Amino acid sequence: HYRPDMEDMQELSEMRQELLDRVSTACQSGCEYRNSFEKYAYLWVDDRQDFLAQFLRYGHVVTAEELEQAGDEGVPEKPPTLDQFREQVDSYELLYTEVMHGVDQQAVFEKGWFKLD
């Protein structure tokens, strides 16, 4: 019963639009922040156990192209060398340092009312 009266109030209409604009801007900022982590997507998209199994068996992750070329014989097993293993461990240690010290652990948008952590 109040709706028609409220819709006729210009000030409320402006406040409503401002709120919708701020929410839209905050959502956009949040999506941009999320997209900044896209380079790390393999960490939660790829199967870690499968990666480790392939690395330990072949010294790298087997590609679809390698599987196709190998045919029925399969990709020859070649366990990683100690240097390859160290290189892999070093890359994850570097990644850990990058994420822990180089990435903001929280982001605040829209004058403080929208926070991501």
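Q: Which residues line the second largest pocket?
A: The lining is made by R3, M6, E7, L12, S13 and R16, where a pocket is an open set of points on a 1 Å grid over the protein atoms alone, each fitting a 1.4 Å probe, with protein on both sides within 12 Å along at least five of seven lines, and a lining residue has an atom within 4 Å of a point. Helix 1 (3-7) and helix 2 (10-35) are the elements that each give two or more residues to that lining, helices being DSSP runs of H or I with at least four residues, numbered from the N terminus.

Q: Before I go on, what sort of model is this?
A: It is a predicted model, in which local features need pLDDT of at least 70 and side-chain atom pairs count only at pLDDT 80 or more, while totals for chains, interfaces and linings use all residues. Residues are numbered from 1 along each chain as its sequence is written, and side-chain values use heavy atoms, with hydrogens and water left out.

Q: Okay, how much space lies in that second largest pocket?
A: The second largest pocket holds about 170 Å³, a volume being the space filled by probe spheres set on the grid points, which are joined across faces, edges and corners.

Q: And how much in the largest one?
A: For the largest pocket the figure is about 250 Å³.

Q: What lines the largest pocket, then?
A: Its lining consists of Y42, L43, D46, D47, R48, F51, L52, F55, F85, Q88, V89 and Y92. The elements giving two or more residues each are helix 3 (42-45), helix 4 (48-58) and helix 6 (82-102).

Q: How far apart are C31 and Y92?
A: Y92, one of the residues that line the largest pocket, has its C-alpha atom 26 Å from that of C31, and the two are 61 residues apart along the chain. C31 itself belongs to helix 2.

Q: Is C31 buried or exposed?
A: Neither label fits, because C31 has 34% relative accessibility and counts as partly exposed, the class between buried (under 20% relative accessible area) and exposed (over 50%), computed with a 1.4 Å probe and protein chains only.

Q: Where does M9 sit?
A: M9 is placed in the loop between helix 1 and helix 2, and with a relative accessible area of 45% it is partly exposed.

Q: Switching topic, how many salt bridges are there?
A: The structure has five, counting a side-chain nitrogen of Lys or Arg within 4 Å of a carboxyl oxygen of Asp or Glu.

Q: Which parts does the E98 and K39 pair tie together?
A: The side chains of E98 and K39 meet at 3.3 Å, N to O. E98 lies in helix 6 and K39 in the loop between helix 2 and helix 3, so this salt bridge links parts that are 59 residues apart in sequence. At 33% relative accessibility E98 is partly exposed, whereas K39, at 55%, is exposed.

Q: How close do E18 and R22 get?
A: Their closest N and O atoms are 3.2 Å apart in a salt bridge, and both residues lie in helix 2, four residues apart, or about one turn of the helix. E18 is partly exposed at 42%, and R22 is partly exposed at 31%.

Q: And what separates D90 from R86?
A: About one helical turn separates them, because they are four residues apart in helix 6. In their salt bridge the closest N and O atoms are 2.8 Å apart; D90 is partly exposed at 35%, and R86 is partly exposed at 45%.
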